[in-house]
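Trainee: I am new to this structure and would like a close look at one part of it, namely the strands and what lies against them. Please take me through it step by step.

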Amino acid sequence: MKIFGKNNVKEALNNPKNIKKIYLAQTFKDKDIIKLIKDNHISYENINSFALDKLEKKNQGIMAVIDDYEYYDVKDMIDDNVIVILDHLEDPHNFGAIIRTLEAAGIKSVIIPKDRSVDVTPTVYKTSTGAINYVKIARVTNLVNTINMLKDNNFFIYGADMNGIDYKKVSYSDKVVLVIGNEGHGISNLVRKSCDEIVSLPMKGNVNSLNASVAASILIYDLISR
């Protein structure tokens, strides 16, 4: 996987074993990053900036080729107090933004389905601005089965969707799973039926929905402030 930009590459340098090679534009002058590259004995190459621009316009003069993301097992999340499930989210920018919010809020675990869903891509990595390195992402075959397993481990499942309880009136349990739905269709019917409670954000304007990452941010910060 190719990642671009100073912050993303600098975060990747915290785990240098995952970095295969780094490419620097001939105009790249960040001495701190160059020192990190050399100190970690990472292979690098200076290339023409136009070559980088063809791959990614906003590259800040640096690209790293890293190992593909290694997904976690849901069992690694059982001891957490909060887990977020993304029910067939499709937009990598939304996924990256949600990861960034989760890391900022101190929530470390997110679950996505394997089919018909965004996975970890260079765009997700870039949008998360390095936060992806501090969040556990699990990818599962069946969300409903996963939800039932989490229920067996004392998690209470809250789905974010329309026609539910006003989020300000919700009393959260000690162990929480928050489900965020697809950008266009919301939570799927089977997942909705598996939720213990549906939580809604009141819509007082003419638009009847919020961007998935915005809605997730509001609910996440409300949850951790309780």
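Mentor: Four strands form an open sheet in the order S1-S4-S2-S3, and their pairing is mixed. Strands, like helices, are DSSP runs numbered from the N terminus, with at least two residues (E) for a strand and at least four (H or I) for a helix; two strands count as paired if DSSP finds at least two bridges between them. This is a predicted model, in which local features need pLDDT of at least 70 and side-chain atom pairs count only at pLDDT 80 or more, while totals for chains, interfaces and linings use all residues. Residues are numbered from 1 along each chain as its sequence is written, and side-chain values use heavy atoms, with hydrogens and water left out.

The edges of this sheet are strand S1 (2-4) and strand S3 (44-47), each of which pairs on one side only. On average, neighbouring strands of the sheet are turned by 25 degrees against each other, direction ignored; such angles run from 0 to 180 degrees between N-to-C directions, with axes taken as lines fitted to C-alpha atoms, for helices over the stretch in contact. At one edge, S1 pairs with strand S4 (residues 62-66) in the antiparallel sense over three bridges, and Phe4 stands opposite Met63 in S4. Helix H2 (residues 31-39) lies across strand S2 (19-25), S3 and S4, and runs at about 145 degrees to S2; contact here means heavy atoms within 4.5 Å.

Just before S4, the loop between H3 and S4 holds Gln60, which has a positive phi of about 55 degrees although it is not a glycine. Glu56 lies in that loop too, between helix H3 (49-55) and S4, whereas Lys126, its salt-bridge partner, belongs to helix H5 (residues 122-127); the two are 70 residues apart, so this pair links distant parts of the chain. Their closest N and O atoms are 2.9 Å apart. The whole structure has eleven salt bridges (a side-chain nitrogen of Lys or Arg within 4 Å of a carboxyl oxygen of Asp or Glu).

A further open sheet has six strands in the order S7-S6-S5-S9-S8-S10, with parallel pairing. Strand S7 (136-140) and strand S10 (197-200) have a single partner strand each, so one side of each is left without a neighbour in the sheet. From one strand to the next, the twist averages 35 degrees. Within this sheet, strand S5 (residues 82-86) and strand S6 (residues 109-113) pair in the parallel sense over two bridges, with Ile85 opposite Ile111 in S6. H4 packs on the sheet and touches S5, S6 and S7, its direction making about 175 degrees with that of S5.

Helix H4 (residues 92-105) also packs with helix H8 (residues 212-224), at an angle of about 15 degrees and with axes 9 Å apart. That angle makes H4 roughly parallel to H8: angles under 35 degrees count as roughly parallel, over 145 as roughly antiparallel, 65 to 115 as roughly perpendicular and the rest as oblique. Their crossing is right-handed, that is, the near helix is turned clockwise from the far one by less than a right angle. Among the residues that meet are Ala97, Ile98 and Leu102 in H4, and Ala216, Ile220 and Tyr221 in H8. By class, the contact has ten nonpolar, four polar and no charged residues; Ala, Val, Leu, Ile, Met, Phe, Trp, Tyr, Cys and Pro count as nonpolar, Asp, Glu, Lys and Arg as charged, and the others, Gly among them, as polar.
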